[in-house]
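Colleague: Please take me through one part of this model in detail, starting with a single side chain and its polar contacts and then widening the view to the surroundings. I would like the cut-offs stated as you go.

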Amino acid sequence: MNPLNFKDIDLPIKKKDTLCFLIEKTIKWHEDRNLIEGSTDKDQVLKLQQELGELSDSVCKQKDMKDDLGDMMVIMLNIMKRNNYTMEDCLETAYNDIKDRKGKMIDGIFVKFEEKSFNTDEGDE
């Protein structure tokens with residue numbers, strides 16, 4: 001099983017292999033602890049929110065956030081596994097949703113144009 005379901009991604013083979021190996025090990029870790037069959041999406045989303053709080057704390061305190069991001073990825077892999085999604089499925093769906101999005105930066109945040117909330121004649125920065 002290839003958890004990423006790579007097609008034509010321009011990553012070196014070694015990186016693909018390493019990433020696939022880490023994903024497979026992480027999913028096996030979940031299975032060995034009954035976190036796929038013995039948990040629910042709701043439980044895992046609540047855990048994801050907890051980890052998001054830890055990420056927020058690290059960002060605010062200007063601490064390294066690598067562990068927080070990794071923890072969130074571990075939980076998202078659990079949710080993907082239980083729903084039979086691959087990382088590629090999820091990223092492709094998200095990319096297709098954003099690829100043609102228009103909007104502008106407001107206070108450091110990209111805000112997409114909505115028909116009722118922006119005048120799109122202002123241009124798209």
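Modeller: A polar contact here is a pair of N or O atoms within 3.5 Å; within protein, one must be able to donate a hydrogen and the other to accept it, and residues adjacent in sequence count only if both atoms are side-chain atoms. This is a predicted model, in which local features need pLDDT of at least 70 and side-chain atom pairs pLDDT 80 or more, while totals for chains, interfaces and linings use all residues. Residues are numbered from 1 along each chain as its sequence is written, and side-chain values use heavy atoms, leaving out hydrogens and water.

By these criteria, the side chain of Arg82 makes two contacts to backbone oxygens: that of Leu35 is reached at 2.7 Å, and that of Ile36 lies 2.9 Å from a polar side-chain atom of Arg82. Arg82 itself belongs to helix α3, helices being DSSP runs of H or I with at least four residues and strands runs of E with at least two, numbered from the N terminus. Despite its charged side chain, Arg82 is buried, because its relative accessible area is 18% and buried means under 20%, exposed over 50% and partly exposed in between, with a 1.4 Å probe and protein chains only. Leaving aside residues up to four places away in sequence, Arg82 touches Leu35, Ile36, Ser39, Thr40, Asp41 and Gln44, where touching means heavy atoms within 4.5 Å.

Beside Leu35 in the sequence comes Asn34, which sits in the loop between α1 (13-32) and α2 (41-60). Asn34 is not a glycine, yet its phi is positive, about 60°, and with a relative accessible area of 46% this residue is partly exposed. The loop between α2 and α3 holds a second such case, Gln62, whose phi is about 50° although this residue, too, is not a glycine; at 75% relative accessible area, Gln62 counts as exposed. A positive phi also appears after α3, where Asn84 follows the helix with a value near 55°.

Helix α3 as a whole has 17 residues, and at 1.5 Å a residue it should span 24 Å, which agrees with end C-alpha atoms that are 25 Å apart; the expected span is 1.5 Å times one less than the number of residues. The buried residues of α3 are Asp68, Met72, Ile75, Leu77, Asn78, Ile79, Met80 and Arg82.

Three of these buried residues, Leu77, Ile79 and Met80, also appear in the lining of the largest pocket, a pocket being an open set of points on a 1 Å grid where a 1.4 Å probe fits, with protein on both sides within 12 Å along at least five of seven lines, and lining residues having an atom within 4 Å of a point. The rest of the lining is Leu48, Met73, Met76, Tyr85, Met87, Cys90 and Leu91. Helix α3 gives the largest share, five residues, and α4 (87-98) joins α3 in supplying at least two. By class, the lining has ten nonpolar residues, with no polar and no charged ones.

Elsewhere in α4 is Thr93, which counts as exposed at 55% relative accessibility and whose side chain reaches the backbone oxygen of Asp89 at 2.8 Å.

For the wider setting, the protein chain has four helices and two strands, arranged along the sequence as α-α-α-α-β-β. Of its 125 residues, 25% count as buried, and among contacts between residues at least 6 apart in sequence, 41% join residues at least 24 apart.
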